[in-house]
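Me: Please take a close look at the part of this model where the ligand sits. I would like one connected account of what surrounds the ligand and of the protein elements that belong to that picture.

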Amino acid sequence: MPDITPAEFYSSHGTKWLSERKTEEMTGMELAYIRSLLDRRWKILDLACGYGRFTIPLAGDGYCIEGIDITPVFIKEAEDRAKRSHLDIRLQVGDMRHLPYADGTFDCVICMWNAFSELTSLQDQAGTAGEIYRVLKSGGMGLIEVRNHRSSGLVQDNMIDGDVAMPSYNHTRGSMKNVMVSAGIRDYDISIDNFGGRNRLMVKIWKK
Ligand SMILES: C[S@@+](CC[C@H](N)C(=O)[O-])C[C@H]1O[C@@H](n2cnc3c(N)ncnc32)[C@H](O)[C@@H]1O
């Protein structure tokens, strides 16, 4: 079991700490990658949306998007940012392992910046991949971004760029494939892409 939950970790570190881990340039490049995959007509879920780093600008672009995250301080910050930008966005506190949406609600679900790897058991990861699949409409697409590691497994005392980070379940392309297989997902693609200037494992899930 992890020593600390994501909500505890992020509540004690706060929004400023997390936001300083991404430059505007990186977020801009990441947004360009995401936008290149989206369709203007889609209903989108930003899963583990944090403080709305992607939710707010994509809503500002006119996309129909909502966000959910387990850390209440981030949802409060996202609500404040949406208000300041005069955007009416549905944002809620919730757990990606048990999504509060009916089957087939979204055309697209994005789960970015290693949030998926903060699920520290393979059982939770397969269950969450299944939840993403469940809430996708037929024809919909899920997008999961995780770090690309040389070996897989849980790292409790995680350090990134010399700074303390959330415990993370590291993945290789092969171990991510095993998660998809465990979730019973057949239509998926796992690539190593340049995302925000870094190589990341990008998992795309399609629901027929
Ligand atoms: C590194 S942040 C990324 C936030 C956002 N996706 C982004 O790209 O800016 C990881 C996020 O995952 C959220 N998270 C971790 N476990 C979660 C869970 N079980 N359900 C929902 N959100 C979770 C954390 O609260 C945190 O906001």
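**The ligand and its surroundings**

Reply: In this predicted model, a backbone N or O atom of Ile70 lies 3.2 Å from a nitrogen atom of the ligand. The protein covers 98% of the 600 Å² of accessible area that the ligand has on its own. Two further polar contacts can be set beside that of Ile70: a polar side-chain atom of Asp69 lies 2.6 Å from an oxygen atom of the ligand, and a backbone N or O atom of Ala48 is found 2.7 Å from a nitrogen atom of the ligand.

The shell as a whole consists of 20 residues, and the closest of them are Ala48, Arg53, Asp69, Thr71 and Met96. Sorted by class, this shell holds 13 nonpolar residues, three polar ones and four charged ones.

Ala48 deserves a second look, since its backbone takes part in one of the contacts given above. Ala48 sits in the loop between β1 (43-47) and α3 (55-60), and its phi is positive, at about 60°, although Ala48 is not a glycine. As a general point, most residues other than glycine have a negative phi. With a relative accessible area of 22%, a value that counts only the protein chains as cover, Ala48 is classed as partly exposed, because the buried class is reserved for values under 20%.

A positive phi also occurs in His86, where the angle is near 55° and the residue is again other than glycine. His86 belongs to the loop between α4 (72-84) and β3 (91-93), and its relative accessible area of 75% makes His86 exposed, because that class begins over 50%.

Among the secondary-structure elements, helix α1 (residues 6-19) contributes the largest share of the shell around the ligand, namely three residues. This helix is not straight: α1 has a kink of about 80°, centred on His13. Its end C-alpha atoms are only 16 Å apart, whereas a straight helix of 14 residues would span 20 Å at 1.5 Å a residue. The buried residues in α1 are Phe9, Tyr10, Gly14, Thr15, Trp17 and Leu18.

One contact within the protein can be added to this account. Glu145, a residue of strand β5 (residues 136-147), is buried, with a relative accessible area of 1%, and its side chain reaches the backbone nitrogen of Trp113 at 2.6 Å.

Note on methods:
Residues are numbered from 1 along each chain as its sequence is written. This is a predicted model: local features need pLDDT of at least 70, side-chain atom pairs count only at pLDDT 80 or more; totals for chains, interfaces and linings use all residues. Side-chain values use heavy atoms; hydrogens and water are left out. A residue is near a molecule or strand if one of its heavy atoms lies within 4 Å of it. A polar contact is a pair of N or O atoms within 3.5 Å; within protein, one must be able to donate a hydrogen and the other to accept it, and residues adjacent in sequence count only if both atoms are side-chain atoms. Accessible areas come from the Shrake-Rupley method with a 1.4 Å probe; for residues, only the protein chains shown count as cover. Helices (H or I, at least four residues) and strands (E, at least two) are DSSP runs, numbered from the N terminus. Ala, Val, Leu, Ile, Met, Phe, Trp, Tyr, Cys and Pro count as nonpolar, Asp, Glu, Lys and Arg as charged, and the others, Gly among them, as polar. The expected span of a helix is 1.5 Å times one less than its number of residues. The bend at a residue is the angle between axes fitted to the seven residues ending there and the seven starting there. Buried means under 20% relative accessible area, exposed over 50%, partly exposed in between (1.4 Å probe, protein chains only).
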